[in-house]
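These are my notebook entries on a structure I had not examined before. I set down what I looked up, one topic at a time.

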Amino acid sequence: MATKNLSEYNQEKVPDASNMIFGIVVAEWNPEITCALLDGCVSTLEKHGALPENIHVKKVPGSFELIYGAHQMTLNDGYDAVIILGSVIRGETPHFDYICQGVTAGIARLNATSSIPVVFGLLTTNDMQQAKDRAGGRLGNKGDECAVVAIKMAKF
């Protein structure tokens, strides 16, 4: 379980994002969660200077497709960083494990081989309440955290 609020960070240590371009790939599955993650991510990017026209959002059907979407963005669009946002909630079958492992490995591979950072914003929770807690609930918003990571890594 997370022990800190995902939306708490030292704002003074975040670089200015006014000259940066961001790609965000968001899964449509679990839209209550992924839309909240997207809202947090976009508002935090803008809070740190990113212009709305420099934040490009693409949607994919599910979390596994985040890999393809992020890969296409790393190849084609001149982004300073790409952020993936999704939510996988444990069910009664091993599907959860395969999707979580596959997306994690795919995004790790993109980070090792791409010339720009790909930020991992996939919630992998045991139930819907845990996802809500991390998508604007009592533990903050993982989307906020991903935006800050993207800005810092783009400046790396």
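Is D97 buried, partly exposed or exposed? I looked up its relative accessible area and found 31%, so D97 is partly exposed. I note at the outset that the model is predicted.

**Entry 1: the pair at D97.** I then searched for what the D97 side chain meets, and found a salt bridge with R90, at 3.6 Å from N to O. I checked R90 too: its relative accessible area is 39%, so R90 is likewise partly exposed.

**Entry 2: other salt bridges.** How many salt bridges does a search of the whole structure find? I recorded four. In general, side chains of opposite charge can pair when their charged atoms come close.

I looked next at K132, whose side chain forms a salt bridge with that of E32 (3.6 Å, N to O). K132 belongs to helix α4 (residues 128-133) and E32 to helix α1, so this pair ties together parts that are 100 residues apart in sequence. For K132 I found a relative accessibility of 33%, and therefore entered it as partly exposed.

I also looked up E145 and K142, whose side chains meet in a salt bridge at 2.6 Å, N to O. Both residues lie in helix α5, three residues apart, which is about one turn of the helix. Are E145 and K142 buried or exposed? I found both of them buried.

**Entry 3: the nonpolar cores.** I turned to the interior and found that the largest nonpolar core has 26 residues. Among those with the most contacts inside this core are F22, I24, C41 and I151. I asked which elements supply at least two residues each. They are β1 (22-27), α1 (31-47), β3 (81-89), β4 (118-125) and α5. The largest share, six residues, comes from α1.

A second, separate core has 20 residues, including Y79, V82, V88 and C100.

I83 is also listed among the residues with the most contacts inside the largest core, and I looked up what it touches. Leaving aside residues up to four places away in sequence, I83 touches G23, I24, V25, C41, L45, V119, C146, A147 and A150.

**Entry 4: strands β3 and β4.** In what sense do β3 and β4 pair? I found parallel pairing over eight bridges. I followed one of the residues across: the bridge partner of I84 in β4 is F120. I also noted that β4 is mostly covered, with six of its eight residues buried.

**Entry 5: the backbone at N30.** I looked for N30 and located it in the loop between β1 and α1. Most residues other than glycine have a negative phi. N30, although not a glycine, has a positive phi of about 60°. Its relative accessibility is 16%, so I entered N30 as buried.

**Entry 6: a nonpolar patch on the surface.** Which residues make the nonpolar surface patch of about 340 Å²? I found V149, M153 and F156. I placed F156 in the segment after α5 (142-155). Its relative accessibility is 84%, so I entered F156 as exposed.

Notes. Residues numbered from 1 in each chain as written. Predicted model: local features only at pLDDT ≥ 70, side-chain atom pairs only at ≥ 80, totals over all residues. Heavy atoms only, no water. Patch = residues over 30% accessible without salt bridge, like charges linked within 9 Å, V, L, I, M, F, W, Y side chains within 5 Å. Areas by Shrake-Rupley, 256 points an atom, 1.4 Å probe, with all protein chains shown as cover. Helix = DSSP H or I, 4+ residues; strand = E, 2+ residues; numbered from the N terminus. Buried < 20%, exposed > 50% of the residue type's maximum accessible area, 1.4 Å probe, protein only. Core = buried A, V, L, I, M, F, W, Y, C linked by side-chain atoms within 4.5 Å. Contact = heavy atoms within 4.5 Å. Pairing = 2+ DSSP bridges.
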